[in-house]
Amino acid sequence: MKQFMDKDFLLSTPTAQELYHDFAAKVPVLDYHCHINPQEIAEDRKFENITQVWLGGDHYKWRQMRSNGVEERYITGDAPDREKFQKWAETLEKAIGNPLFHWSHLELQRYFGYTGVLNGDTAEEVWNLCNAKLQEASMSARNLILQSNVTLICTTDDPADDLKWHKMLAEDESFPVQVLPAWRPDKAMNLEKPDYGQYLETLAEAANMDIQSFEDLKAALKSRMAFFNEMGCRASDHGLEYVMYVPASDEEVEAVFQKRLNEETVTREEELKFKTAFMLFVAGEYAKMGWAMQLHYGCKRDNNTDMYEKLGPDTGFDCINNYAPSGQIADYLNALNAEGNLPKTVIYSLNPNDDEAIGTIIGCFQNSDAVGKIQQGSAWWFNDHKTGMTKQMTSLANLGLLGNFIGMLTDSRSFLSYPRHEYFRRILCEMIGNWVENGEYPKDMKMLERIVKGISYNNAVRYFGFELEMK
């Protein structure tokens, strides 16, 4: 029997072990999509205890604690941090087969040197060990990033953001990791939201102009894009219900925008026409600037209205939505391509049943503009576990070129989440190793090195055009 999470964790064959230890483990981490707060990096935040680090904003863990019948005061409430940690430890021991069990123990091993098992009985020991370690200088936000061998981080930022923390970090020669903004314009697109008018005022102030028409909105966004570009932005990100394509004339779109400015009710069809026009516009601008466009969709959010009213969004009450017509995604990409406005695009669906549809759509729009110009993004959110990652990469291998895949991201708010890249790389090497051991791919270590290092790091460097050395 294998030891629990030893050096060959998830690596069952000699080839898988060789691929991981000789290649995947030796390249840095490039986190091209996350929700880390740049202010916490700039100020080099320090954490008082392990509950702050682990449970402060992690709705993955909150969902599991609720599933274990834990009272909300121990999850998001005012219970003491030590008691919250106890409840999490008691929950974790039941999470057999869940990636949280693996991630948590990888983090305990890598950052705290703890090779035991966290459960209700060991909680006191782990609490004391972690809290003592957190007092060391090596455990500040910046030092956690450095010891994780991270070279670059892309945060997630609104067009109206002044990016002052990014500017501070860019000017700080003592911190070698690049922290770049990524453009997230959801608030500018979602005109159905009650606070849309207020947001437009915020955006107008940031762009130093009035917004009285859709043309004005586009001009304001272009102004902010230019600023983001100067600050090193190389990617956008969109959180969509689904990728819609409901084209309309300029006059129709302007009429919809004016209705919303006048606080009149906008119909669902009008909303979709506006959002289509919005997405066509921004994608064209991304293509001009060489940015990659990331499309995240397939989530139904805030399903528990009672808890949403108490806690707000992003607190663990979202689920997979199975409505995402692949025909509209294809039509959207086709409309951009026909006008020469199709940027590099990464498509992520929260619904794993969309893998094959995405795999066939991306093949329709590849060209020599970029290697792997249209990408299927890594298994996301509810799918970033062993089964989900294996399924996504197997589908991509079956239908496209896995060797051009840009690999893993953390999509996290935690400074301890970088072992997710290790988890991904072990799964990748296990999968490829099995193919080699089964005679499905030659054991040519030069070719395999290029593939493994490419998916782990180098492909993303090339794809986004980051100023980093290939490894």
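Reader: What share of the contacts in the protein with a separation of 6 or more comes from residues 24 or more positions apart?

Author: In this predicted model, 75% of those contacts join residues at least 24 positions apart. A contact here is a pair with heavy atoms within 4.5 Å.

Reader: How do you know what radius of gyration a compact globule would have, and what does the protein have?

Author: The rule is 2.2 Å times the number of residues to the power 0.38. For 471 residues this gives a value near 23 Å, and the protein has 23 Å, so the two agree. Along the principal axes, the C-alpha atoms fill a box of roughly 70 × 55 × 45 Å. The protein exposes about 20000 Å², and carbon and sulfur atoms supply 47% of that area. Of the 471 residues, 56% count as buried.

Reader: What makes Gln328 buried or exposed?

Author: The cut-off for buried is under 20% relative accessible area. Gln328 has 18%, so Gln328 is buried. Gln328 sits in helix α16, which spans residues 326–338. Leaving aside residues up to four places away in sequence, Gln328 touches Tyr242, Val243, Met244, Tyr245, Val246 and Tyr323.

Reader: Why are the buried residues of α1 said to line one face of the helix?

Author: Start with the list: in α1, residues 14–22, the buried ones are Thr15, Ala16, Leu19 and Tyr20. Looking down the axis of α1, these residues fall within an arc of 125°, so they line one face. A general rule helps here: an α-helix has 3.6 residues a turn, so residues three or four places apart point the same way.

Reader: What covers the buried residues of α1?

Author: The cover includes helices α19 (419–437) and α20 (445–464). Keep α20 in mind, please.

Reader: What makes β4 and β9 edge strands?

Author: The sheet is open and has four strands, in the order β4-β5-β8-β9, with parallel pairing. β4 (235–240) and β9 (374–376) each pair on one side only, and that makes them the edges. From one strand to the next, the twist averages 15°.

Reader: How do you know that β8 and β9 pair?

Author: Two strands pair if there are at least two bridges between them. β8, residues 344–349, has three bridges to β9, in the parallel sense. As one example, Ile347 has Gln376 in β9 as its bridge partner.

Reader: Which strands does α20 touch as it packs on the sheet?

Author: α20 touches β4, β5 (292–297), β8 and β9, and its direction makes about 130° with that of β8. So that you can place these elements in the whole, the protein has 20 helices and nine strands.

Reader: What is the phi of Leu10, and what makes Leu10 buried or exposed?

Author: Most residues other than glycine have a negative phi. Leu10 has a phi near 70°, a positive value. Leu10 lies in the segment before α1. Its relative accessibility is 17%, and since buried means under 20%, Leu10 counts as buried.

Reader: Where does Leu163 lie, and what is its phi?

Author: Leu163 is in the loop between β2 (150–154) and α9 (164–170). Its phi is near 55°, a positive value in a residue other than glycine.

Reader: What makes Leu163 buried or exposed?

Author: Set its relative accessible area, 1%, against the cut-off of under 20%, and the conclusion follows: Leu163 is buried.

Conventions:
Residues are numbered from 1 along each chain as its sequence is written. This is a predicted model: local features need pLDDT of at least 70, side-chain atom pairs count only at pLDDT 80 or more; totals for chains, interfaces and linings use all residues. Side-chain values use heavy atoms; hydrogens and water are left out. Buried means under 20% relative accessible area, exposed over 50%, partly exposed in between (1.4 Å probe, protein chains only). Helices (H or I, at least four residues) and strands (E, at least two) are DSSP runs, numbered from the N terminus. The arc is that of the directions from the helix axis to the C-beta atoms. Axes are lines fitted to C-alpha atoms, for helices over the stretch in contact, and angles run from 0 to 180 degrees between N-to-C directions. Accessible areas come from the Shrake-Rupley method with a 1.4 Å probe; for residues, only the protein chains shown count as cover.
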